[in-house]
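Colleague: Could you take me on a close look at a single part of this model? I'd love one connected walk through it.

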Amino acid sequence: MSRSTALAAFPFFVVASCCASNTTCDCFDNETGDLDSLEIEDLEFIDIEPGEFRMGFDVSDYGYSEDSEAHSVSLTHRFQILATELTRTQYGLITGEYPSSSVGCEEDCPVESITWHQAAYVSNLLSESACLSPCYQCDHSSTDTVCESVEAPYGCAGYRLPTEAEWEYAARAGAVTQYQNGGNLQSNWDMSECDPDIVLDNGTYLSGIAIYCGNSEREPASVYSVESNAWGVFGVHGNVFEWCHDWYSPYQGDEVDPFGPETGSYRVSRSGGYRTTPVGVSLSARSPWFQDANTSAYGMRVARTLP
């Protein structure tokens, strides 16, 4: 399907730059970053319309747990999400820092080895660059970064980490299966299997849409190395784990505009990483992790609520 055809068929799919409402982009004030050198149009965003979807694993799905049981979620707001995971080059131009631990990956590979706090801080810098209110209160130094939310995410005008519900809604792009292309793992799949030739039950290869333990060579890959989903979002199956806004907790049944509890012990991450199993890179897979851990294979993408 061509890009123009996709636009006609999927009204959710709209590309916008972060300076759409502020063409001067002169609000950035960061001593170490060089956001002016990053062509802001290179940060490609997808606009998503409100909608309802089924979030989580059904009992019959590989990966099912009570914490992640399928339920109905309604999102009542328009939002924007980065089309790809933020790359290490983009992260470096924004912050002046290059934290990624892998050495064999090109410049368009995703940034990784960042904490939840660092991801929130980058979101704030993008907000400042667009003269939007920041969504986090951050204390940043060359040795440490600590951030906390300043308000409920959907009410903040600036850039932020996507909520877990926004992430899965955008990642699914209308898919009701566990993979973006309409496939599921076959019923006779071996849970220990991790090779590049896994065939889903719709006849497609998992390696065409995912960077996981079977095809990654234990390194991240370009953010464009696999197919996008139906709405133009890349990299929702593996490559790097993506920090979400939410604290981790078991799902609470059907919800409207959820964003997790007010506090917790772990933050949610989604997508899975380049060493993750096929189940772990499925659309409903979720991982709790320490927000101050700069673990390899942990990266980010940003989102924001649209007026």
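Modeller: Happy to; here is a walk around one strand and its two partners. First, this is a predicted model, in which local features need pLDDT of at least 70, side-chain atom pairs count only at pLDDT 80 or more, and totals for chains, interfaces and linings use all residues. Residues are numbered from 1 along each chain as its sequence is written, while side-chain values use heavy atoms, with hydrogens and water left out.

Our part is strand β4, residues 71-75. Strands here are DSSP runs of E with at least two residues, numbered from the N terminus. Five of the five residues in β4 are buried, so the strand is mostly covered; buried means under 20% relative accessible area, with a 1.4 Å probe and protein chains only. The side chains split between two directions: His71, Val73 and Leu75 point one way, and Ser72 and Ser74 point the other way. Both sets are buried.

Now to the partners. Two strands count as paired if DSSP finds at least two bridges between them. Strand β3, residues 51-55, runs antiparallel to β4, and five bridges link them. In that pairing, phenylalanine 53 sits opposite valine 73. Strand β9, residues 255-256, is parallel to β4 and is joined to β4 by two bridges. Here valine 73 turns up again, standing opposite glutamate 255. If you want one residue to keep on screen, try valine 73: this buried residue of β4 faces phenylalanine 53 and also glutamate 255 in β9.

How values were computed:
Buried means under 20% relative accessible area, exposed over 50%, partly exposed in between (1.4 Å probe, protein chains only). Helices (H or I, at least four residues) and strands (E, at least two) are DSSP runs, numbered from the N terminus.
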